[in-house]
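Me: Please take a close look at one part of this model, and tell me what surrounds it. I'd be glad of the cut-offs as you go.

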Amino acid sequence: MSFEIVSQSRCFGGTQFVYRHVSQETATPMRVAVFVPPQAGDAKLPVVWFLSGLTCTEENFTVKAGAQRVASELGLILIAPDTSPRGEGVPDDPDGAYDFGLGAGFYVDATQEPWARNYHMRSYLERELPALVAENLPADMNRQGITGHSMGGHGALTIALRNPGRFKAVSAFAPIASPMNCPWGEKALPHYIGPDRATWRDYDACALIEDGARLPDLLVDQGTADGFLDSQLKPQLLEAACAKAGQPLTLRMQEGYDHSYFFISTFIEDHLRWHAERLDVL
């Protein structure tokens with residue numbers, strides 16, 4: 001299986017691609033943005049995954065974060081997948097709400113109808129897409145980092161915690177720290193995977209840490225002017241879970257920053273350099 005090129009553009013000496021492929025996990029075509037830096041050649045390069053938040057596609061991070069300049073300097077491949085399956089016949093929130101359905105896959109494997117046929121973002125990102133990346137890109141899969149924003153921060157943390165040793169660097173921007181304890185998660189999780197809260201623990205970073213999962217270390221940035229801070233994101237829950245478990249965490253509360261890509265673009269260089277150190281680039 002291979003990628004079909006949708007678009008490619010020269011960028012900071014490298015190339016920004018958008019690829020399309022047919023996914024067996026989601027039973028739909030999927031798009032993924034990939035920046036390949038100029039160092040690509042005979043040697044394989046480390047990879048940093050970025051998982052986006054509610055309503056986003058592969059495009060948001062690619063065009064708004066300004067990450068390519070630093071990735072080009074450091075020799076990092078950046079991979080930004082879509083946030084959910086899309087296409088004819090893929091079910092959406094019946095009320096058209098932004099926080100469920102299309103653009104809101106929550107990085108789970110759905111077990112409930114009508115979501116179970118397509119909403120397999122966990123397996124897509126943990127198995128299918130990495131295999132495609134390894135087959136088609138100059139990627140060193142022994143040097144992977146992962147980060148994300150909001151719902152994507154939740155995805156980055158839970159994927160890393162469930163796959164010990166896969167990611168040498170993990171960070172997040174304003175992650176949903178505990179979907180089991182916020183309205184977004186309390187809406188999405190029962191619809192996707194059923195009412196048994198015990199099954200939700202695989203999709204909650206705090207619960208995974210409580211249950212023994214660990215990361216080498218963790219960097220989280222959170223804006224103090226984020227409108228979702230107290231109601232949905234709750235970084236204090238992640239901080240408490242890490243403190244209790246002895247999980248290393250650097251939580252930076254960034255004064256006056258909100259939930260937007262202005263926030264992400266301000267601190268993306270810090271995160272990429274932090275990843276590069278742990279991926280043996282710096």
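Reply: What follows starts with one helix and its surroundings, then moves on to a few other parts.

A word on conventions: this is a predicted model, in which local features need pLDDT of at least 70 and side-chain atom pairs count only at pLDDT 80 or more, while totals for chains, interfaces and linings use all residues. Residues are numbered from 1 along each chain as its sequence is written, and side-chain values use heavy atoms, with hydrogens and water left out.

The part I'd pick is helix α4, residues 151-162. Helices and strands here are DSSP runs numbered from the N terminus (H or I, at least four residues, for a helix; E, at least two, for a strand). The end C-alpha atoms of α4 are 16 Å apart, in agreement with the 16 Å that its twelve residues should span; the expected span is 1.5 Å times one less than the number of residues.

Is α4 enclosed or open? It is largely enclosed by the rest of the structure, because twelve of its twelve residues are buried (under 20% relative accessible area with a 1.4 Å probe and protein chains only; over 50% is exposed, and in between is partly exposed). Among these buried residues are Met151, His154, Leu157, Thr158, Ile159 and Arg162. The cover over them includes strands β4 (45-51), β6 (139-148) and β7 (167-173), along with helices α3 (121-136), α6 (205-210) and α8 (235-245); contact here means heavy atoms within 4.5 Å.

Helix α3 deserves a pause, since it carries glutamate 126. This glutamate is buried, at a relative accessible area of 7%. Its side chain makes a polar contact of 2.7 Å with the side chain of arginine 162. A polar contact is a pair of N or O atoms within 3.5 Å; within protein, one must be able to donate a hydrogen and the other to accept it, and residues adjacent in sequence count only if both atoms are side-chain atoms. Leaving aside residues up to four places away in sequence, glutamate 126 touches Ile159, Arg162, Asn163 and Arg166.

Now for the cysteines. There are zero disulfides in the structure, a disulfide being a pair of cysteine sulfur atoms within 2.5 Å. For cysteine 56, which is in no disulfide, the nearest cysteine sulfur is that of cysteine 182, 16 Å away. Cysteine 56 is buried, with a relative accessible area of 7%. Cysteine 182 is in no disulfide either, the nearest cysteine sulfur being that of cysteine 206 at 10 Å. Cysteine 182 is buried too, at 1%.

For another helix, turn to α9, residues 261-278, which has 18 residues and reaches 25 Å between its first and last C-alpha, close to the expected 26 Å. A kink of about 45° is centred on phenylalanine 267; the bend at a residue is the angle between axes fitted to the seven residues ending there and the seven starting there. Phe267 is one of the buried residues of α9, including also Ile264, His271 and Trp274. Serine 260 caps the N-terminal end, with a side-chain oxygen 3.1 Å from the backbone nitrogen of phenylalanine 262. Just after α9, aspartate 280 takes a positive phi of about 60°.
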